[in-house]
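Please open the structure in your viewer and keep the sequence at hand. The tour goes from one selection to the next and says what is there.

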Amino acid sequence: MNDPETETNEQKLYKIANELLQTEKAYVARLNLLDQVFCAKLMEEAGKGTFPVDVVKNIFSNISSINAFHSQFLLPDLEKRMGEWESTPRIGDILQKLTPFLKMYAEYVRNFDKAMELLKQWTDRSPQFKALIQDIQKQEVCGSLTLQHHMLEPVQRVPRYEMLLKDYLKKLPQDHVDHRDAEKSLEIIAMAATHSNTAIRKSENLKKLLEIYEMLGEEEDIVNASNEFIKEGHILKLAARNTSAMDRYLFLFNNMLLYCVPKFSLVGQKFTVRTRIGIDGMKVTETYNEDYPHTFQVSGKERTLELQASSEQDKEDWIKAFQETIEIFHQKNETFKTASKEVEEVSISELGKRAPRWIRDNEVTMCMKCREPFNALTRRRHHCRACGYVVCWKCSDNKAPLEYDGNKMNKVCRDCYSILTGHTESEEKEGKKKGILEIEAAQFSGSSIMYGFLQYCEKNKPWQKVWCVIPQKEALVLYLYGAPQDVKAQSTIPLLGYSVDDTTRPADPPASFRLTQSKSVHSFAAENEELKQRWLKVIRVAVTGEVPECLPPVEPHGTEDGFSRSCGAA
């Protein structure tokens, strides 16, 4: 084995590239488990009418497309490159192929919270659903991990690419042939990873909650986005009637303490919850006992515990963790209560009829609806024009007419929206959240398999004319431009995994077709049936993962809209 200090730079680069390959193999195995085992078996059972097919589809989102791309393209390319490393020592060019497909991760991450919610809901509702998942989880391939654990993997994969690429570029000489490609790949991947930071932090906390949930025998309902893990560890509990000390285990969260008893287990640590103590009203004090050093007392509404730490440092760490948690809990609740009192003057009957008193930005540190903390980038302050609350963008993404403003449409919080309109936010806005991994499409040049004007419509937006291109070097991606000379695409559609529907719909223009995947629907219309069939011939091949063949070029059909060519310079 090489000593890291004596390794040459070339050896270090090879080592990083090989780590990328090995982690990709493990990742593809996890994707295959999700797609071909969990999803496939649940779909099979759903087909029998045991539970709805749509539930399974909504849980797994576009995991099949993500699996197809990594298993059929990225992994084979990496394996081939590592086999010819001596003659072609580079990975930047291969990772550049990943960048157009980062949008697939946007959809997966956007759906993740809903997937976790559905999973919990149907595990509680359907014994067959729960039993099937548990049977699969017992298989060796699952590694004693839950379905939720495996579903976290795609959320955490993009930052892994960023980390390896950064390490690779540090070791890569400035004049190396791969430097430009690696730098360009890192720029786009880093942007996606930065946008996913909130989801990553949430997923890491969720991962820990799931681990604790399993240690508690899957009986305690702790897997909740509002629960934040703080600290855990063994502790001794002093008995009230005598001086004996008993082995116990604590799990401290932002809103509660779980006081547990260790259970005998052949596989991993297991515990039984003896008491759940809320942080609200909790006090922690240092105590002194001649026979038992390092003691302190935790007193809550539900129970008072006298505990002994393993050392003075351990005691100080626990007391500090408790005090900080209690302080933050009270700060958040006091902020919320103080701000709420200011708004009580606007009653429900007056809502929208009278201008509210706005809560000042500096009076709150968190959203007054979902209680998520504000920050300068991803969760900024907004005011509800109906009640005056300070809320985040998620909780203010609604508009309603306000009588005091001449019935003009104004931004309101979700509660005021429900009161003023009689509708819930979910009824009106499902699927409207912006993807956190959306990235700007890269410039492209060179020859293309197919290009030309098409009419395009997404969801219920108006039809518009776009310049569509499927480039030869990225034959599985459809680029949409505003005009033929635009240097950047308005958007891109990774075609892999999409379904093609060319049935005629009365509301659509003639010669139309649609690309669908999960909840995404992209509608297109060509100038005539011949052009439509040419596009479909190419797209139907691309959605399967195969590279389409170039078709003979065709001349314009008299109008600009009909212009469509194949295998020419775009």
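The stops below cover a helix pair, salt bridges, aromatic rings and a few loop residues.

Before selecting anything, note that this is a predicted model.

**Stop 1: two helices**

Select residues 9-46, which are helix H1, and residues 63-83, which are helix H3. Two packed helices are described by the angle between their axes and the distance between the axes. Here the angle is about 150° and the axes are 9 Å apart. H1 and H3 are therefore roughly antiparallel to each other, since angles over 145 degrees count as such. Looking at how they pass, the crossing of H1 with H3 is left-handed. Colour the contact between H1 and H3 by residue type: 14 of its residues are nonpolar, seven are polar and four are charged.

**Stop 2: a salt bridge from H3 to a loop**

How many salt bridges does the structure hold? There are 24 salt bridges in the structure. Stay with helix H3 and select Asp77, then add Lys97. The side chains of Lys97 and Asp77 form a salt bridge, at 3.1 Å from N to O. Lys97 sits in the loop between helix H4 (92-96) and helix H5 (102-125) while Asp77 belongs to helix H3, so the pair ties together parts that are 20 residues apart in sequence. Switch on the surface. Lys97 has a relative accessible area of 43% and is partly exposed; Asp77 is also partly exposed, with a value of 26%.

**Stop 3: a salt-bridge network**

Select Arg90 and Asp181 next. Their closest N and O atoms are 2.7 Å apart, and the two form a salt bridge. This pair links distant parts of the chain: Arg90 is in the loop between H3 and H4, whereas Asp181 is in helix H9 (residues 179-195), 91 residues apart. Is Arg90 buried or exposed? Its relative accessibility is 17%, so Arg90 counts as buried, the cut-off being under 20%.

Now extend the selection to Arg81, Glu84, Asp93 and Asp178. Together with Arg90 and Asp181, these residues are linked in a network of salt bridges.

**Stop 4: a buried salt bridge**

Move along the chain to Arg514 and Asp508. Their side chains meet in a salt bridge with an N to O distance of 3.0 Å. Both Arg514 and Asp508 are buried.

**Stop 5: aromatic rings**

Turn to the aromatic side chains, of which a search of the whole structure finds 15 pairs. A pair of aromatic rings is described by the distance of the centres and the angle of the planes.

Select Phe51 and Phe129. Their ring centres are 5.1 Å apart and their planes stand at 85°, so the pair is edge-to-face. Phe51 lies in the loop between H1 and helix H2 (53-60), and Phe129 lies in helix H6 (residues 127-137); the pair links distant parts of the chain, 78 residues apart. Phe51 and Phe129 are both buried.

Then select Phe251 and Phe271. With centres 5.7 Å apart and planes at 80°, the rings of Phe251 and Phe271 are an edge-to-face pair. Phe251 is part of strand S2 (residues 245-253) and Phe271 is part of strand S4 (residues 270-278), and this pair links distant parts of the chain, 20 residues apart. What are the relative accessible areas of these two? Phe251 is buried at 0%, and Phe271 is buried at 2%. Add Tyr249 to the selection: Tyr249, Phe251 and Phe271 form one aromatic cluster.

**Stop 6: loop residues**

Select His294, in the loop between strand S5 (283-286) and strand S6 (295-299). His294 is not a glycine, yet its phi is positive, at about 60°. The relative accessible area of His294 is 24%, and the residue is partly exposed.

Asn407 comes next, in the loop between strand S10 (398-402) and strand S11 (408-412). Its phi is also positive, near 60°, and Asn407 is a residue other than glycine.

The last selection is Ser310, in the loop between strand S7 (304-308) and helix H11 (312-343). Ser310 is exposed, with a relative accessible area of 63%. Add Leu236 and show the C-alpha atoms: those of Ser310 and Leu236 are separated by 8.0 Å, although the residues are 74 residues apart along the chain.

Key: Residues numbered from 1 in each chain as written. Predicted model: local features only at pLDDT ≥ 70, side-chain atom pairs only at ≥ 80, totals over all residues. Heavy atoms only, no water. Axes fitted to C-alpha atoms, helices over the stretch in contact; angles between N-to-C directions. Helix = DSSP H or I, 4+ residues; strand = E, 2+ residues; numbered from the N terminus. Parallel < 35°, antiparallel > 145°, perpendicular 65-115°, else oblique. Left-handed = near helix turned anticlockwise from the far one by under 90°. Nonpolar A, V, L, I, M, F, W, Y, C, P; charged D, E, K, R; others polar. Salt bridge = Lys/Arg side-chain N within 4 Å of Asp/Glu carboxyl O. Buried < 20%, exposed > 50% of the residue type's maximum accessible area, 1.4 Å probe, protein only. Phe/Tyr/Trp six-rings, centres within 6.5 Å; stacked < 30°, edge-to-face > 60°.
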